[in-house]
Amino acid sequence: MKILVVVRQVPDSTTTIKMRPDAKDIDRTGVKMVVNPFDEFAIEQAVLFREKRQDVQSVTALIVGPATAAEALRTALAVGADDGIHLQDEAFGQLDELQTAALIAGVVKGSGYDLILLGKQEIDLDSGQLGPALAEALDLPHVGATVKLELAADGKSLLARRRIEGAEEVVQMALPAVVTADKGLC
């Protein structure tokens, strides 16, 4: 089994954010960038699977971003990812989540990943669309905002639990699949 974890880099939540004069983005001068906290849950879950299951061959971290995004990729590797993919081009800075999903899908389609994990949303943009868009681009099933994830003993399906208003929803699906992580996953 091969696991891919999509990692994103976001401004640290304690950083003071200012808009650029052109109002098209934030001014990133002096802004400390960190791994998106929801993506950290996904990394940790992938590494736990690899440590507990003999059928997990590898955990690969992937990030789309400028040269400075390599720091977030190094964090994923330090936590326990086996290898990393850094998609870097100046043009990628202008991509929205749908375009980013299409880019990632184009790179990983046919690579044999059985499970693709990522955070349910970025703490800066807060839209939560990358996971569902990536699942759609790869034509894979998706379950979002997962707080507990179990792989079947045969490695062919998963059981995901997610919080809904006043209850917990349980979703079972075949692999390969895309799963987004919520707080409490690990």
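Strand β10, residues 177-181, is mostly covered, with five of its five residues buried. Please keep in mind that this is a predicted model. In a regular strand, the side chains alternate between the two faces of the sheet. For β10, then, what lies on one side and what on the other? A177, V179 and A181 are on one side, V178 and T180 are on the other, and all of them are buried, which leaves both faces of the strand covered.

Now the strands beside it. β6, residues 115-119, runs parallel to β10, and five bridges join the two. One pair to find on the screen is I116 with its bridge partner in β10, V178. Strand β7, residues 142-151, also runs parallel to β10, and that pairing has three bridges. There, V143 stands opposite V179 of β10.

Next, the nonpolar cores. In soluble globular proteins, nonpolar side chains tend to be buried together. The largest nonpolar core here has 33 residues. Which of them have the most contacts inside it? They are I3, V5, V7, L115, L117, L149 and L158. Helix α1, residues 37-52, gives this core its largest share, five residues. There is also a second, separate core of 17 residues, and V6, L87, L134 and V178 are among its members. You have met V178 already, as the bridge partner of I116.

Let me take V5 as an example from the largest core. Leaving aside neighbours within four places in sequence, V5 is in contact with D39, A42, I43, A46, V59, T60, A61, L62 and L117.

One name in that list is charged, so let us look at D39. D39 is found in helix α1. Is D39 buried or exposed? Its relative accessibility is 0%, and because buried means under 20%, D39 counts as buried. Apart from residues up to four places away in sequence, D39 touches V5, V6, V7, R8, L118 and G119.

Moving on to the loop between β6 and α4, I have two glutamines to show. Q121 lies in this loop, and Q129 is found there too. Q121 is buried, with a relative accessible area of 18%, whereas Q129 is partly exposed at 41%. Which residues does Q121 touch, if we do not count those up to four places away in sequence? They are R8, N36, F38, D126 and G128. For Q129 I have a distance instead: Q129 and D96 are 33 residues apart in sequence, and their C-alpha atoms are 9.6 Å apart in space.

Now for the space inside the model. Rolling a probe the size of a water molecule over the atoms shows where empty space is left. The largest pocket holds about 1200 Å³ of space. Its lining has 37 residues, and the closest to its centre are Q9, D25, R28, P66 and G93. Which elements each supply at least two residues of the lining? These are β1 (2-7), β2 (9-11), β4 (58-64) and α3 (97-108). By class, the lining has 18 nonpolar, 13 charged and six polar residues.

Back to strands, this time a hairpin. Strand β8, residues 157-164, and strand β9, residues 167-174, run antiparallel and are joined by eight bridges. S157 stands opposite A174 of β9. Two residues lie between the strands of this hairpin, and G166 takes a positive phi near 75°.

The last topic is backbone angles. Most residues other than glycine have a negative phi, and most peptide bonds are trans. Where does this model have a cis peptide bond? One joins L175 and P176, with omega about 5°. P176 has its place in the loop between β9 and β10.

As for phi, D139 has a positive value near 55° and is not a glycine. D139 lies in the loop between α4 and β7. A145 also has a positive phi near 55°, but the place of A145 is in strand β7. Which of the two is buried, and which is exposed? D139 counts as exposed, because its relative accessibility is 67% and the cut-off is over 50%. A145 counts as buried at 19%, because the limit for buried is under 20%.

To end where we started, β7 is one of the strands that run parallel to β10, and five of the five residues of β10 are buried.

Notes
Residues numbered from 1 in each chain as written. Predicted model: local features only at pLDDT ≥ 70, side-chain atom pairs only at ≥ 80, totals over all residues. Heavy atoms only, no water. 1 Å grid on protein atoms, 1.4 Å probe; cavity = no way out; pocket = protein on both sides within 12 Å on 5 of 7 lines; lining within 4 Å. Points joined across faces, edges and corners; volume = space filled by probe spheres on them. Helix = DSSP H or I, 4+ residues; strand = E, 2+ residues; numbered from the N terminus. Core = buried A, V, L, I, M, F, W, Y, C linked by side-chain atoms within 4.5 Å. Buried < 20%, exposed > 50% of the residue type's maximum accessible area, 1.4 Å probe, protein only. Contact = heavy atoms within 4.5 Å. Pairing = 2+ DSSP bridges.
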